[in-house]
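Colleague: I'd like a close look at one part of this model, please. Pick a spot, then work outwards so that I can see what surrounds it.

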Amino acid sequence: MIYTVTFNPAIDYVVHMDEMALGRLNRTVSEQMYIGGKGVNVSIVLARLGIKSTALGFVAGFIGKAIEDGAGEAGIKTDFVHLADGCSRINVKIKAAEETELNGQGPGIPENALAQLYEKLDRLQDGDILVLAGSIPGTLPGDTYEQILARLAGKSIRTVVDAAGDLLLNVLKYRPFLIKPNTHELGELFGEEPKTVEEILLRAKELQEKGAVNVLVSMADRGALLLEEQGRVHRCGVCRGLVKNSVGAGDSMVAGFLAGLESGGPEYALKLGTAAGGATAFSDGLAEKDRIYQLLEQLA
């Protein structure tokens with residue numbers, strides 16, 4: 001079973017307008033609402049690819065109920081910790097001449113609620129996959145990811161960590177099965193963004209030497225690169241299409257990669273992950289199955 005953790009899930013309220021003028025009344029041309037949060041996004045795309053998962057994390061208030069209900073409608077099993085106080089967040093995504101995001105803060109997560117999440121994670125079994133995605137809310141200890149991986153260290157659980165900066169570096173000692181930085185995040189980790197594929201591969205190897213088992217790097221218009229545990233390197237080109245959306249493309253890549261591992265080898269997983277990321281980038285919301293497989297044909 002695949003489990004995803006989203007510490008701060010949300011409703012994404014996406015509004016489209018021709019132009020946004022600060023300090024004035026603005027009217028939308030169209031609007032949509034989606035349940036979101038990085039781990040939730042992974043679970044949604046997995047479900048669309050026919051792969052079951054369980055979404056873990058924290059929800060609160062009427063927005064939390066809407067997130068839970070929406071996940072159920074999307075075919076996702078949930079096992080959220082329900083917080084007594086606060087309300088899950090709404091993120092506003094404004095799509096005009098430029099894209100602007102207003103992300104909510106979300107509820108505080110008390111120590112007893114975090115303990116409940118740990119209890120749920122303690123039930124994971126050998127062979128399960130755990131996806132940790134995104135940042136950690138300020139109300140939680142900064143080493144929360146480390147604590148989770150340390151608790152699971154004695155089990156044969158494949159962990160996927162999609163995080164940035166020290167949050168990623170500090171978990172490498174626990175040998176996560178997969179990490180997925182992009183080139184910008186590599187620049188943040190090493191002080192300078194790599195400019196060539198050779199430099200990207202060099203940085204990926206450094207992360208592998210620090211403990212990562214497999215390193216998947218999204219390289220924007222240069223496609224993606226996978227460095228396997230045994231040192232084999234796979235490259236995949238980029239899908240062709242009109243970019244509409246920057247939210248959830250990386251999460252979709254993680255989902256496509258994991259789905260690809262279920263039915264094929266690493267090279268196929270890389271292609272399916274690339275197609276899933278592209279399908280989200282070319283859509284208003286998260287990738288749909290048909291669109292993913294249409295783009296997969298471009299990568300054959």
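Modeller: Let's start at A220, which sits in the loop between β12 and β13. Keep in mind throughout that this is a predicted model. A220 has a relative accessible area of 61%, and because that is over 50%, it counts as exposed. Its backbone is worth a look too: phi is positive, about 55°, although A220 is not a glycine. Most residues other than glycine have a negative phi, which is the reason to pause there. R175 shows a positive phi of about 55° as well, and again the residue is not a glycine. You'll find R175 in the loop between α5 and β11, and at 46% relative accessibility it is partly exposed.

Now step back along the chain from A220 to N214, in strand β12, which covers residues 214–218. Here the setting is buried, with N214 at 9% relative accessibility. A polar atom of the N214 side chain lies 3.1 Å from the backbone nitrogen of E229. Setting aside residues within four places in sequence, the contacts of N214 come from two stretches of chain: P176, F177, L178 and I179 in one, and L226, L227, E228 and E229 in the other.

That list leads us inwards. L227 is a member of a separate core of 44 residues, and A60, L140 and A163 are in there too. L178, for its part, is also a contact of V160, along with I129, L130, V131, L132, V254 and L258, again leaving out neighbours within four places. V160 belongs to the largest nonpolar core, which has 48 residues; the members that touch the most others are I2, L46, V131, V160, L216, L258 and I292. Several elements feed this core with at least two residues each, including β4, β9, β13, α8 and α9. The most comes from α9, which gives seven residues. In general, nonpolar side chains tend to be buried together in soluble globular proteins.

Since α9 gives the most to that core, look next at how it meets α8. Helix α8 runs over residues 249–263 and α9 over 266–281; their axes come within 7 Å and cross at roughly 150°. The crossing is right-handed. On the α8 side the contact includes A249, S252, M253, G256 and F257, and on the α9 side P266, Y268, A269, L270 and G277 are among those taking part. Sorted by class, the contact has 11 nonpolar and eight polar residues, with no charged ones.

G277 gives you a good handle on that contact. It is part of α9 and is buried, at a relative accessible area of 10%. Beyond the residues up to four places away, G277 touches A249, S252 and M253. From G277 to D251 is 26 residues in sequence, yet C-alpha to C-alpha they are 7.4 Å apart.

Back on the V160 side, β10 covers residues 158–162, and it is one of the elements that the buried residues of α4 pack against, together with α3, β9 and α5. Those buried α4 residues are T144, Y145, E146, I148, L149 and L152. I148 and L152 are four places apart in that helix, as are T144 and I148; residues three or four places apart in an α-helix point the same way, because there are 3.6 residues a turn.

Follow I148 to D122, which lies in the loop between α3 and β9. The two are 26 residues apart in sequence, with 9.1 Å between their C-alpha atoms. D122 is partly exposed, with a relative accessible area of 33%. Apart from residues up to four places away, it touches R151 and K155.

One last stop is β4, an element that also supplies the largest core. T54 lies in this strand, which covers residues 53–60. T54 is buried, with just 3% relative accessible area. Leaving out neighbours within four places, T54 is in contact with M1, I2, Y3 and T4, and also with K77, T78 and D79. I2 is the name to remember from that list, being one of the residues that touch the most other members of the largest core.

Conventions: Residues are numbered from 1 along each chain as its sequence is written. This is a predicted model: local features need pLDDT of at least 70, side-chain atom pairs count only at pLDDT 80 or more; totals for chains, interfaces and linings use all residues. Side-chain values use heavy atoms; hydrogens and water are left out. Buried means under 20% relative accessible area, exposed over 50%, partly exposed in between (1.4 Å probe, protein chains only). Contact means heavy atoms within 4.5 Å. Axes are lines fitted to C-alpha atoms, for helices over the stretch in contact, and angles run from 0 to 180 degrees between N-to-C directions. A crossing is left-handed if the near helix is turned anticlockwise from the far one by less than a right angle, and right-handed if clockwise. Ala, Val, Leu, Ile, Met, Phe, Trp, Tyr, Cys and Pro count as nonpolar, Asp, Glu, Lys and Arg as charged, and the others, Gly among them, as polar. A nonpolar core is a set of buried Ala, Val, Leu, Ile, Met, Phe, Trp, Tyr and Cys residues joined through side-chain atoms within 4.5 Å. A polar contact is a pair of N or O atoms within 3.5 Å; within protein, one must be able to donate a hydrogen and the other to accept it, and residues adjacent in sequence count only if both atoms are side-chain atoms.
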